[in-house]
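Q: Could we go through this protein together? I would like to begin with its overall dimensions.

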Amino acid sequence: RTEMAVNDMIEVSVHVELKEGAARQAIIDLGVPPGFEVQSEDLAGLVARDSDRPAESPGPKFSRFDLTGRQIIVYLEGLKAGQPLDFSYRIRARYPIKAQTPPSSAYDYYNPEVSAVAAPAAIQVTP
């Protein structure tokens with residue numbers, strides 16, 4: 001969505017797919033729009049869910065996340081080609097604003113030239 005009202009809760013969907021090879025440690029840098037609050041319990045639930053998974057289980061594993069003022073940094077282990085990852089989290093619009101979202105990116109921590117960037121989008125929050 002690009003238009004919403006103050007206090008609207010927005011679900012952000014994320015799709016990450018490695019086209020070839022594997023990334024032992026992948027970093028997903030998700031831009032947080034100005035004036036929005038991240039519902040961190042959604043991301044904490046993903047980390048908690050994966051904390052008990054055996055290392056040899058298939059698919060990528062959420063190892064942790066960090067919140068900064070304008071971004072969410074998600075750390076994934078074991079991202080492989082042919083095993084796309086889809087997840088979501090919620091953000092809440094706190095103030096009326098017309099702004100542009102920061103870009104989001106994904107890259108291999110040990111091979112940072114393997115990366116992709118999602119372009120910013122214009123958003124508007126009305127009172």
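A: A definition comes first: the radius of gyration is taken over C-alpha atoms, and the globule rule is 2.2 Å times the number of residues to the power 0.38. Please note that this is a predicted model, in which local features need pLDDT of at least 70 and side-chain atom pairs count only at pLDDT 80 or more, while totals for chains, interfaces and linings use all residues. Residues are numbered from 1 along each chain as its sequence is written, and side-chain values use heavy atoms, with hydrogens and water left out.

Q: What radius of gyration does the protein chain have?
A: The protein chain has 15 Å, which agrees with the value near 14 Å for a compact globule of 127 residues. Its C-alpha atoms fill a box of roughly 50 × 30 × 20 Å along the principal axes.

Q: And how many helices and strands are there?
A: The protein chain has one helix and eleven strands. These are DSSP runs numbered from the N terminus: helices are H or I with at least four residues, strands E with at least two. In order, the elements run β-β-β-β-α-β-β-β-β-β-β-β.

Q: Where does glutamine 124 lie?
A: Glutamine 124 belongs to strand 11, residues 122–126.

Q: Why does it count as partly exposed?
A: Glutamine 124 is partly exposed because its relative accessibility is 32%; buried means under 20% relative accessible area, exposed over 50%, and partly exposed in between (1.4 Å probe, protein chains only).

Q: What is glutamine 124 in contact with, leaving aside neighbours within four places in sequence?
A: Glutamine 124 is in contact with Thr2, Glu3, Met4, Ile97 and Lys98, where contact means heavy atoms within 4.5 Å.
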